[in-house]
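I'm opening my notebook on a structure that is new to me. Here is what I looked up, entry by entry.

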Amino acid sequence: FSRDICITEDVSIDIDQIEEGDTGVVVWDAAIVLAKYLALKSGELNAKSILELGSGTGVVGLSAASLGGDVLITDLEENLELMKHNIKKNEAHLIGKADASVLKWGDKEKIQVFVSYEDRDSEIKIQLQKDFMELMRRYFNVKEIPLEEQDPEFRSPDIHILKFQLKSDS
């Protein structure tokens with residue numbers, strides 16, 4: 001069964017749902033509330049990169065894409081087919097891009113963040129780097145990737161690559 005969701009006066013999306021299942025297979029009222037809020041902020045979404053966690057049917061992400069956002073909707077493996085189906089079904093209504101992917105965000109061993117930055121001399125930039133690292137170290141273990149492990153042609157001693165792994169107690 002499907003549900004037609006009016007995003008704005010000019011934009012609607014049609015979301016297929018599944019009659020039986022656990023979470024992620026029907027459109028929740030909270031998703032519609034968020035989609036309508038995004039419609040109020042539609043001018044701020046154009047060409048923005050948006051990541052939706054726990055997307056289920058994909059209604060919020062597809063709403064954002066219908067308003068011009070470039071969206072990656074994510075959920076567990078069992079919801080991937082439904083998310084991709086709803087993207088394809090609504091392609092004609094999307095101004096931005098939409099794609100779907102599996103993201104099990106409670107799987108701490110699989111969460112890795114890579115950051116690269118170039119050394120700067122500005123006091124403001126140095127303080128920003130220090131503040132960023134302090135915040136990241138609260139939740140992540142950090143390792144700098146040695147130069148010898150980087151591409152031999154595209155590396156520099158003043159450009160750093162950091163790998164952050166979520167701490168197991170986070």
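My notes below go from a sheet to its helices and then to a single residue.

**Entry: before anything else.** I am working with a predicted model.

**Entry: the sheet.** I asked in what order the three strands of the open sheet sit. I found the order 3-4-5, with parallel pairing. As a reminder to myself, strands of a sheet pair through backbone hydrogen bonds.

Then I wanted to know which strands stand at the edges. They are strand 3 (49-52) and strand 5 (98-102); each has a single partner strand, so one side of each has no neighbour in the sheet. I also looked up the turn between neighbouring strands of this sheet, and it averages 20°, direction ignored.

**Entry: strand 4 with strand 5.** I looked up how many bridges join strand 4, which covers residues 70-75, to strand 5. There are five, and the two strands run parallel. For a spot to look at in the viewer, I picked Ile-73, which stands opposite Ala-100 of strand 5.

**Entry: helices on the strands.** Helix 2, residues 59-66, lies across strands 3, 4 and 5. Its direction is at about 175° to strand 4. Helix 3, residues 80-89, lies across strand 4 and strand 5, and I noted about 175° again, here to strand 5.

**Entry: Leu-166.** Is Leu-166 buried or exposed? I have it down as buried, because its relative accessible area is 17% and the cut-off for buried is under 20%. Leu-166 belongs to strand 8, residues 159-166. I also checked Leu-166 against Ile-7: they are 159 residues apart in sequence, and their C-alpha atoms are 36 Å apart in space.

Conventions
Residues are numbered from 1 along each chain as its sequence is written. This is a predicted model: local features need pLDDT of at least 70, side-chain atom pairs count only at pLDDT 80 or more; totals for chains, interfaces and linings use all residues. Side-chain values use heavy atoms; hydrogens and water are left out. Two strands pair if DSSP finds at least two bridges between them. Helices (H or I, at least four residues) and strands (E, at least two) are DSSP runs, numbered from the N terminus. Axes are lines fitted to C-alpha atoms, for helices over the stretch in contact, and angles run from 0 to 180 degrees between N-to-C directions. Contact means heavy atoms within 4.5 Å. Buried means under 20% relative accessible area, exposed over 50%, partly exposed in between (1.4 Å probe, protein chains only).
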